[in-house]
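This report covers three topics: a buried strand residue, a helix and its packing, and the surroundings of the ligand.

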Amino acid sequence: EAPEDLFYRFPLSLVHGVPLMKPIANNWEKIENFLARPDDLLIATYPKAGTTWMQEIVDFIIHDGDLDQANCAPTYVRSPFLEISSPPPIPSGVDVLETTPSPRMIKTHLQYKLVPKSFWEKNCKVIYVARNPKDIAVSYYFFDLMKQTQPDPGTWEEMWTILGWGSWFDHVINWWEAKDKHQILYMFYEDMKEDPKREIYKVMKYLGKKLPGEVVEKICQHTTFKAMKENPMTNYSSMPSAVMDHSISPFIRKGEVADWKNHFTEKQSKRFDAEYEKRMEGTDLKFRCTI
Ligand code: A3P
């Protein structure tokens, strides 16, 4: 059990039936009892759905398109990751958030049922971003290869088993149903790709923000795939290589809709579609795997 290195490929461990990386499971009591503040904004996603993109857009909106604010620190500092936990002495997300001044912009990948109750008690705003599962699968595969603390995905075929943060189906469906009970803006990666400006206006409206057209234009320009890939504050290049090895695959990798077509075989695609039909039956939640 006792590793020589602080970081290694952590095994998954079940928390209320959801597989999470072992250090997160070990820290669960603290995460569950996290104290939200009424002005917290939660950005919730299944991994690889466009979290970083939304974090950047929201940070710009909140700060009126201020470039100095966006460039003052990497994404993960400006918008801490709620449940992330590493072996001590690395501070956990909860530790960091306790000393983060309000208003806090908090990232989570937790399934709806695992979100600390405090967020609902305080009636916090939540922005959920969903992405079609085929592109998620490809993106997650490359991420698991490069992120040295995630379980080794093995081959592309082998990785279709148990993933950190659990079932994509449960995630998107349960958050979809939750939007009728709480203040949740449910967004889609494909919509953001199709018309980024339209989607930025949607987020602004939700946050009660009005900005001049030229500021919105500037936000669009600074949150394109290309801009974020080149920007050291958003591309995770500041992470130690023991955690992320960008030489295997860059964190900001391809940023497209339907890259799955380059990776799924015909057979895998059919098999996936059949599973999708079954699991999505009875929900009015719809995804676009192409735009
Ligand atoms: P790909 O692996 O398909 O390229 P997350 O931030 O949730 O981990 O999601 C990462 C995915 O979002 C990656 O997908 C990444 O390239 C993509 N992404 C990041 N910034 C983006 C942007 N500005 N525009 C489009 N896609 C972006």
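Valine 18 counts as buried because it has 20 C-beta neighbours inside 10 Å, and a residue is buried if 20 or more other C-beta atoms lie within that distance. The model is a predicted one. Valine 18 belongs to strand β2, which spans residues 18-21. Leaving out residues up to four places away in sequence, valine 18 touches Gln111, Leu114, Trp165 and Gly166. Serine 167 is 149 residues away from valine 18 in sequence, yet the C-alpha atoms of the two are 8.0 Å apart.

Helix α9 (residues 168-178) has Trp168, His171, Val172 and Trp175 as its buried residues. These lie on the same side of α9, because they cover an arc of only 85 degrees around the axis. Among the elements that cover the buried residues of α9 are β3 (41-45), β5 (125-130), α8 and β6 (184-188).

Helix α8 also appears in the ligand shell: α3, α8 and α13 each supply at least two residues of it.

| Helix supplying the shell | Residues |
|---|---|
| α3 | 51-62 |
| α8 | 133-146 |
| α13 | 225-230 |

There are 20 residues around the ligand, and Thr51, Thr52, Ser139, Arg253 and Gly255 come nearest. By class, the shell holds seven nonpolar, eight polar and five charged residues.

An unreviewed UniProt entry annotates residues 38-283 as "domain: Sulfotransferase". In the model, this span is 42% helix and 8% strand, and its end C-alpha atoms lie 31 Å apart.

Terms used. Residues numbered from 1 in each chain as written. Predicted model: local features only at pLDDT ≥ 70, side-chain atom pairs only at ≥ 80, totals over all residues. Near = placed C-beta within 6 Å. Helix = DSSP H or I, 4+ residues; strand = E, 2+ residues; numbered from the N terminus. Nonpolar A, V, L, I, M, F, W, Y, C, P; charged D, E, K, R; others polar. UniProt positions renumbered as here; feature names shortened; annotations may be inferred. Buried ≥ 20, exposed ≤ 12 C-beta atoms within 10 Å, placed from the backbone. Contact = placed C-beta atoms within 7 Å. Arc of directions from axis to C-beta.
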